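Reader: Got a minute to go through a model with me? Please put it up and I'll fire off questions.
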Amino acid sequence: MSTEHDVYLDFFGDHRPWRHWALRVDGPVATLSMGVQPDGSIFTGCELKLNSYDMGVELEFADAIRRIRFEHPSVGCVVIDSGYDGVFCAGANIRALAAATHAHKVNLCKFTNETRLELEEASVLSGLRFLAAVGGACSGGGYELALATDHILLVDDRNTAVSLPEVPLLGVLPGTGGLTRLTDKRHVRRDRADVFATKAEGLRGQVALEWGLVDELAPRTTLAEAVSARAAELAANSRCSGPYANSEPVALEPLGLWPTDDGNMIGEFVAMAPDRERACAEVLITASPDPAWPLRAARELDALLCHLRFNETDLGTIVLLTDGSHADVTDHDRALCQPASHAERETALLWRRTLSRLDLTARTLIAAIEPGSCFAGVLAELALAADRTYILDGEFVDVRPSDAVGARVRALRGEVIGAHEPAALLCSELSLGTMPMANGLTRLQSRLWGDEAAIATAARTIGTPLDALAAAEAGLATATPDDLDWDDDLRLTIEERAAFSPDALTAMEANHRFCGPETMATKIFGRLSAWQNWIFIRPNATGPQGALTRYGTGTRPIYAPDRV
């Protein structure tokens with residue numbers, strides 16, 4: 001097996017039948033059992049022992065959670081357990097990690113973090129509760145999965161322990177929020193957290209309960225009864241008692257969005273064309289009054305962002321484009337701001353997660369607002385999320401060059417910019433708090449952070465289309481080129497971006513995007529994902545004598561003693 005290699009991941013197809021997970025629904029309680037097939041790794045030659053996971057297992061898990069949310073509205077509690085006796089989950093598979101490229105390692109951590117945060121979001125905002133039934137070894141990412149649930153029920157025997165062995169055994173950090181959730185969510189004393197995170201064998205039974213690492217103990221002989229009782233209690237205080245308890249399921253149909261041989265993609269509402277010479281991707285979201293648009297467009301955009309992260313790492317800049325009328329988007333505002341059904345609520349929350357995934361994507365984001373664009377309502381959030389927002393001042397007079405920004409992706413759809421609406425940005429009530437960022441702020445607040453007068457002024461423009469001049473005065477436009485300068489300004493910006501260090505840009509952009517308060521989510525991404533990124537390239541982890549390299553060989557790692 002090679003030391004490091006890429007693998008293509010499919011974010012667009014139907015992942016069912018799941019190979020590693022089994023779902024059973026019994027009234028208001030669903031049981032999602034992890035039964036990872038040892039020979040089912042996405043990396044050739046890796047054996048997924050002891051319910052350890054790789055990105056293939058994680059893709060199925062994320063799909064299962066999304067389907068439970070949309071397709072099983074009668075479920076109020078999800079029990080996550082193991083399909084094997086004696087083990088809950090051993091965490092990320094170390095050999096798969098060693099086989100993956102550095103980019104894949106980091107993106108695995110980010111994707112897994114986002115899915116764990118989705119469990120917590122589903123509990124708080126959808127009323128869907130989660131119970132981890134832990135019988136057997138629960139280490140690393142396995143315990144981090146349990147930490148993301150509402151309640152951890154641990155078998156009280158000599159064999160079942162929870163642990164975070166990454167520091168003592170692997171020379172890396174727990175990559176999916178374990179350290180932060182110990183202190184910020186479960187309020188474990190920091191000295192105890194220090195002991196626990198450096199104790200490879202972990203803790204079990206009464207000590208784990210006393211330290212706040214788990215919520216409940218049960219002997220193995222009565223585990224099934226204890227899980228059933230606790231799940232019924234959680235379900236009784238869940239979305240099952242809410243206004244949408246008897247809602248119709250929302251079927252998640254296949255997307256049918258596939259890359260062509262040259263990397264182009266055409267979906268129903270989202271398309272992408274790569275410009276490899278300039279290391280950028282043109283992404284076009286087309287609005288529609290179709291009632292199916294909010295869910296379909298969110299799913300297509302979410303899948304495309306994951307595809308760009310894992311499969312198109314060389315495309316460092318995303319140019320965000322939209323087509324349609326403002327009304328095509330704002331007609332959906334009520335359903336996204338004030339959902340009145342199960343389908344509307346889950347769709348609104350999916351948009352919230354998709355926009356957050358955009359914020360957290362390590363790419364330069366450039367919004368190009370032209371005549372015929374529809375950066376309005378939920379799509380106005382794309383412009384507010386961008387690192388730079390360009391709005392055309394006036395109309396296009398001259399014939400645009402064939403290599404103009406946006407020409408490739410519009411050619412895929414056979415679309416040409418029309419003159420039906422001038423270039424304008426239209427923020428709606430949705431921008432005032434429905435779709436917050438990971439830092440808990442709106443994108444308006446993050447853009448104008450520290451200037452309360454400017455934030456108040458921008459808020460007063462809600463519902464008013466802002467042309468280039470008005471958007472600039474409100475602080476919502478980076479530049480407002482006219483027809484003569486538009487194409488050159490965008491081209492030079494993209495080419496300049498491609499000339500900079502991608503690493504420096506990633507760090508700079510993340511610093512600028514997430515100003516203001518720190519939350520558990522920003523700590524998980526800013527501290528754990530970023531630090532893990534650094535640790536993965538240090539010789540103490542991945543060098544020839546590093547812990548990840550020597551893991552399982554019977555040879556102890558040799559660490560360079562310098563603290564950096």
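Reader: Glutamate 346: buried or exposed?
Author: Glutamate 346 is buried, at 0% relative accessibility. Buried means under 20% relative accessible area, exposed over 50%, and partly exposed in between, with a 1.4 Å probe and protein chains only.
Reader: Ground rules, please?
Author: This is a predicted model, in which local features need pLDDT of at least 70, side-chain atom pairs count only at pLDDT 80 or more, and totals for chains, interfaces and linings use all residues. Residues are numbered from 1 along each chain as its sequence is written, and side-chain values use heavy atoms, with hydrogens and water left out.
Reader: Which residue forms a salt bridge with glutamate 346?
Author: Arginine 239 does, with the closest N and O atoms 3.8 Å apart. A salt bridge here is a side-chain nitrogen of Lys or Arg within 4 Å of a carboxyl oxygen of Asp or Glu.
Reader: Where do the two sit in the chain?
Author: Arginine 239 is in the loop between helix H9 (223–236) and strand S13 (265–266), and glutamate 346 is in helix H13 (residues 342–359). They are 107 residues apart, so the pair links distant parts of the chain. Arginine 239 counts as buried, at 4% relative accessibility. Helices (H or I, at least four residues) and strands (E, at least two) are DSSP runs, numbered from the N terminus.
Reader: How many salt bridges are there by that rule?
Author: The count comes to 48.
Reader: What does arginine 357 pair with?
Author: Aspartate 302, with the closest N and O atoms 2.7 Å apart. Arginine 357 lies in helix H13 and aspartate 302 in helix H10 (residues 293–311), so this salt bridge ties together parts 55 residues apart in sequence. Both residues are buried.
Reader: Which residues do salt bridges with shared partners join into one network?
Author: Arg69, Glu118, Glu121, Arg239, Arg345, Glu346 and Arg353.
Reader: And aspartate 275, what is its salt-bridge partner?
Author: Arginine 408, with the closest N and O atoms 3.3 Å apart. Arginine 408 is in helix H15 (residues 407–413), aspartate 275 in strand S14 (residues 270–275), and 133 residues separate them. Arginine 408 is partly exposed, with a relative accessible area of 29%. Aspartate 275 is buried, at 3%.
Reader: Switching to backbone. Which peptide bond is cis?
Author: The one from arginine 16 to proline 17 is cis, with omega near 0 degrees. Proline 17 is in the segment before strand S1 (21–26).
Reader: What is phi of leucine 50?
Author: Near 55 degrees, a positive value in a residue other than glycine. Leucine 50 is in the loop between strand S2 (29–34) and strand S3 (52–53). Its relative accessible area is 59%, so leucine 50 is exposed.
Reader: And histidine 187, what is its phi?
Author: Phi of histidine 187 is also near 55 degrees. Histidine 187 lies in the loop between helix H6 (178–185) and helix H7 (190–197). It is exposed, with a relative accessible area of 61%.
Reader: Last topic, H20. Which residues are buried there?
Author: Leu505, Glu509 and Arg513 are buried in H20. They cover an arc of only 50 degrees around the axis (taken from the directions from the helix axis to the C-beta atoms), so they are on the same side of H20.
Reader: Why would that spacing line up?
Author: An α-helix has 3.6 residues a turn, so residues three or four places apart point the same way.
Reader: What is exposed on the other side of H20?
Author: Asp503 and Asn511.
Reader: What do the buried residues of H20 pack against?
Author: H13, strand S17 (364–369), helix H16 (443–447) and helix H19 (486–499). Contact means heavy atoms within 4.5 Å.
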